There are 2 protein chains.
Amino acid sequence: MESMVDCEIRELFDKLSARMRREYSESLRELNLYVGQDNLLYRLWSSDGITQMQLSEYLNCEPPTVTNMVKSLEQNGFIYRKRDEKDARAMRIFLTDKGKNLEEPVRSIWKKHQEKLLKSISTDERLLLRRLMKQMESNLF
Amino acid sequence: MESMVDCEIRELFDKLSARMRREYSESLRELNLYVGQDNLLYRLWSSDGITQMQLSEYLNCEPPTVTNMVKSLEQNGFIYRKRDEKDARAMRIFLTDKGKNLEEPVRSIWKKHQEKLLKSISTDERLLLRRLMKQMESNLF
DNA sequence: GTGAAATATTTAGCCTGCTAAACAAAACTA
DNA sequence: TAGTTTTGTTTAGCAGGCTAAATATTTCAC
């Protein structure tokens, strides 16, 4: 009995995250961004000039993934890279004006999708949902 | 106020799905499977011999994605493809014995991760969580 | 029956993601 | 100071995922 609930939760979670990813992807393409790049930029909006290592920790992904993302974002003119002056191994990532200007439109896309996702779910339920998700998060780490 | 909750839910959702995907990926590698292939096989376990089109609808992904997944699964000997006799455009996908034998180990991996994810969440809370996720699902489609 | 439209798949070329292995610079350590 | 280990990044190659465009077959309409 219980396991059926679990199973549906797994399936629902799978479907939801795939669907969300697709929808975000579609919207972000209008800004010439690929899904995932928004999160990298988000980190830079609050702490410009961090290293790729720090990005990889924040994004919870492997260093080669950051190398690729950063390369793509640089080619599209959203960021630029500068070797650290004190540690020649490290690369520091900075936003260009083009990258800085994406903050508002990206936040607006996030808001739009959040509203769609949480439509007809009350504030109390949202708080409960958040609590359960935080519980699941701590279960995973 | 409310938007802060929404925002955290977006972030939590993002983190959770990325983390889940990584963990599933790791476990599935032990079966020589890549993440996502388990869902394709799952569909075949209950309906062997369907077309790629049907798979793409079930998996909620684009046809070229199915082409790639199917190619990889075929090369690894989990499935085989056969052209439909009545419609020469369509490919029908069948499980090999090797593919059929994966059902139990894959279900066991799913169960393991579900238990980890939902640890310390009561049955009532799980039911509520499922209801909220179903609500979100219907909001997206 | 022939031509146009719809359907199923594939190809090419991107993206995020991964692992394994290479590389370069820095930090230890003897 | 020289040699080893650790750290930060990159390369190569593969996976799922996408779009745009090509291909082949079927269907539909005239």
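**Figure 1. The fold of chain A, followed from the N terminus, runs α-α-α-α-β-β-α-α-α.** Welcome to the overview, which shows a predicted model. Counting the elements along the way gives seven helices and two strands for chain A. Laid along its principal axes, chain A has C-alpha atoms that fill a box of roughly 60 × 30 × 25 Å. Of its 141 residues, 21% count as buried. If you like to think in contact maps, take the contacts in chain A with a separation of 6 or more: residues 24 or more positions apart account for 45% of them.

**Figure 2. Helices H2 and H3 of chain A cross at roughly 120°.** Here we zoom in on H2(A), residues 37–46, and H3(A), residues 52–59. The two axes come within 10 Å. Angles over 115 and up to 145 degrees count as oblique, and therefore H2(A) and H3(A) are oblique to each other. Their crossing is right-handed. On the H2(A) side, look for A:Asn39, A:Leu40 and A:Arg43, which meet A:Leu55, A:Tyr58 and A:Leu59 of H3(A). By class, this contact is made up of four nonpolar residues, one polar and one charged.

**Figure 3. Both protein chains contribute to the surroundings of DNA strand D.** In this close-up, 25 residues surround the strand. The closest come from chain A, with A:Gln52, A:Met53 and A:Pro64, and from chain B, with B:Gly36 and B:Cys61. Three helices each supply at least two residues of this surface: H3 (52–59) and H4 (63–75) of chain A, and H4 (63–75) of chain B. H4(B) has the largest share, five residues. Sorting the surface near DNA strand D by class gives 12 nonpolar, eight polar and five charged residues.

**Figure 4. Chain A meets chain B through 42 residues on each side.** For this last view, we stay on the chain A side. Three helices of chain A each give two or more residues to it, namely H1 (2–29), H6 (103–118) and H7 (123–140). H1(A) gives the most, with 16 residues. Which classes of residue make up the side of chain A that touches chain B? There are 18 nonpolar, eight polar and 16 charged residues.

Definitions and conventions: Residues are numbered from 1 along each chain as its sequence is written. Chains are lettered from A and ligands numbered from 1 in the order in which they are written. This is a predicted model: local features need pLDDT of at least 70, side-chain atom pairs count only at pLDDT 80 or more; totals for chains, interfaces and linings use all residues. Helices (H or I, at least four residues) and strands (E, at least two) are DSSP runs, numbered from the N terminus. A residue is buried if 20 or more other C-beta atoms lie within 10 Å of its own, exposed if 12 or fewer, and partly exposed in between; C-beta atoms are placed from the backbone. Two residues are in contact if their C-beta atoms, placed from the backbone, lie within 7 Å. A residue is near a molecule or strand if its C-beta atom, placed from the backbone, lies within 6 Å of it. Ala, Val, Leu, Ile, Met, Phe, Trp, Tyr, Cys and Pro count as nonpolar, Asp, Glu, Lys and Arg as charged, and the others, Gly among them, as polar. Axes are lines fitted to C-alpha atoms, for helices over the stretch in contact, and angles run from 0 to 180 degrees between N-to-C directions. Angles under 35 degrees count as roughly parallel, over 145 as roughly antiparallel, 65 to 115 as roughly perpendicular and the rest as oblique. A crossing is left-handed if the near helix is turned anticlockwise from the far one by less than a right angle, and right-handed if clockwise.
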